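Got a few minutes to poke around a model? Let's go through it with some quick questions.

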Amino acid sequence: MKEGFEMNECRLLSAALIVLSCGLWCFDRVAAARQANGAAAPYASDRPMNEPTLFAEGVVSTGDYDSHPAFTPDGKTLYFLKSTPDFSFWTIVVSRFAAGRWSAPEVAPFSGRHSDTDPFITADGSRLYFISNRPTPGKTKPDLDIWVMEKTADGWGEPKNLGAPVNSDGNEWYPTLTRDGTIYFGSDRAGGKGRTDIYRSRLVDGKYTEPENLGDNINTQFNEFEPYVSPDESFLIFMGGGRADGFGGFDLYVSYRRQGVWTKAANLGDKVNSGGNELSPMIAPGGEYFFWTSTRGFADKGPERPLTYPELGRRLRGPRNGLGDIYQIALSALKIER
């Protein structure tokens with residue numbers, strides 16, 4: 001009797017596993033079909049994404065220094081960076097989602113010669129901002145300036161230097177824009193509170209006003225840069241270093257705008273921050289997913305057993321090797337006030 005019961009139990013368990021496997025297979029096929037048919041953005045998931053998830057492993061996150069994602073409004077074209085391992089030379093590349101997968105990246109038509117980085121695409125898709133050390137008329141000393149391109153029928157127009165007063169004799173970093181055209185960026189220009197601070201410049205009658213430092217609740221004596229500002233300017237996520245509440249190198253922090261004043265920045269927490277560097281915060285079109293770059297790697301926890309030489313090679317050359325990888329997580333998992 002016991003043997004018969006155990007046999008029936010095994011059969012039931014096997015059947016359940018088959019049903020579960022078929023269900024997961026069908027679930028994946030349905031999700032893929034939805035994405036391919038344009039019913040959802042390619043980065044959308046029907047499963048909860050409450051933990052950091054490597055994005056497009058093997059195509060976008062590859063083991064190179066991959067970072068700084070920027071999507072077009074439909075979510076189907078991705079601009080991001082390929083960098084040297086020491087993060088000293090940057091090239092903007094582009095990948096497109098078609099037939100259910102991301103294409104092999106190509107160097108963006110406007111990049112590949114100079115150090116270009118920090119792409120940002122406006123919500124209406126009409127302009128692409130980035131920073132570059134390419135030559136600027138009237139400047140004898142190269143530095144990083146903010147550039148902009150207008151969308152045309154044939155792609156992007158010629159890059160144009162944004163000019164003063166946004167650009168300065170120092171370096172400008174990571175431009176992001178609000179719905180009304182206000183631009184937020186990092187800069188090491190003279191007169192800041194630390195080595196690099198975050199600034200804001202309003203767009204008035206088609207021209208940018210003199211940038212204003214965001215003040216002591218955001219900027220410190222250390223480094224603050226790479227700001228992502230929400231379209232309605234209600235919250236700000238940025239990269240900061242040297243703070244006592246940090247998890248490792250550079251962490252991501254959040255601040256809220258209350259009655260025109262930014263609240264004291266708070267660490268975004270261990271859902272995002274790690275023992276490595278966290279950078280390039282952004283919220284993808286649709287507002288459901290948070291993307292960022294992390295240098296966390298397998299060495300942070302160590303392998304569970306000694307590695308073989310082939311395994312070591314795969315670890316050293318693949319994602320999570322300690323260079324930059326692009327991650328995503330459900331924005332709801334971060335409990336950001338909205």
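Q: Is D145 buried or exposed?
A: Keep in mind that this is a predicted model. The cut-off for buried is under 20% relative accessible area. D145 has a relative accessible area of 1%, so it counts as buried.

Q: Which residue forms a salt bridge with D145?
A: The closest N and O atoms of the pair are 2.9 Å apart, inside the 4 Å cut-off for a salt bridge. The partner is partly exposed, with a relative accessible area of 28%. That partner is K139.

Q: How many residues apart in sequence are the parts that K193 and D216 tie together?
A: The side chains of K193 and D216 meet in a salt bridge at 3.0 Å, N to O. K193 sits in the loop between β13 and β14, and D216 in the loop between β17 and β18, so the parts they tie together are apart in sequence by 23 residues.

Q: Is D216 buried or exposed?
A: Anything over 50% relative accessible area counts as exposed. D216 comes in at 57% relative accessibility, so the label is exposed.

Q: Where is D64, which meets K82 in a salt bridge?
A: The K82 and D64 side chains come to 2.9 Å, N to O. The pair links distant parts of the chain, 18 residues apart. K82 is in strand β3, while D64 is in the loop between β1 and β2.

Q: Which element gives the most to the lining of the largest pocket?
A: That pocket holds about 710 Å³ of space. Its lining has 36 residues, and the closest to the centre include F120 and Y228. With four residues, the top contributor is β12.

Notes:
Residues numbered from 1 in each chain as written. Predicted model: local features only at pLDDT ≥ 70, side-chain atom pairs only at ≥ 80, totals over all residues. Heavy atoms only, no water. 1 Å grid on protein atoms, 1.4 Å probe; cavity = no way out; pocket = protein on both sides within 12 Å on 5 of 7 lines; lining within 4 Å. Points joined across faces, edges and corners; volume = space filled by probe spheres on them. Helix = DSSP H or I, 4+ residues; strand = E, 2+ residues; numbered from the N terminus. Buried < 20%, exposed > 50% of the residue type's maximum accessible area, 1.4 Å probe, protein only.
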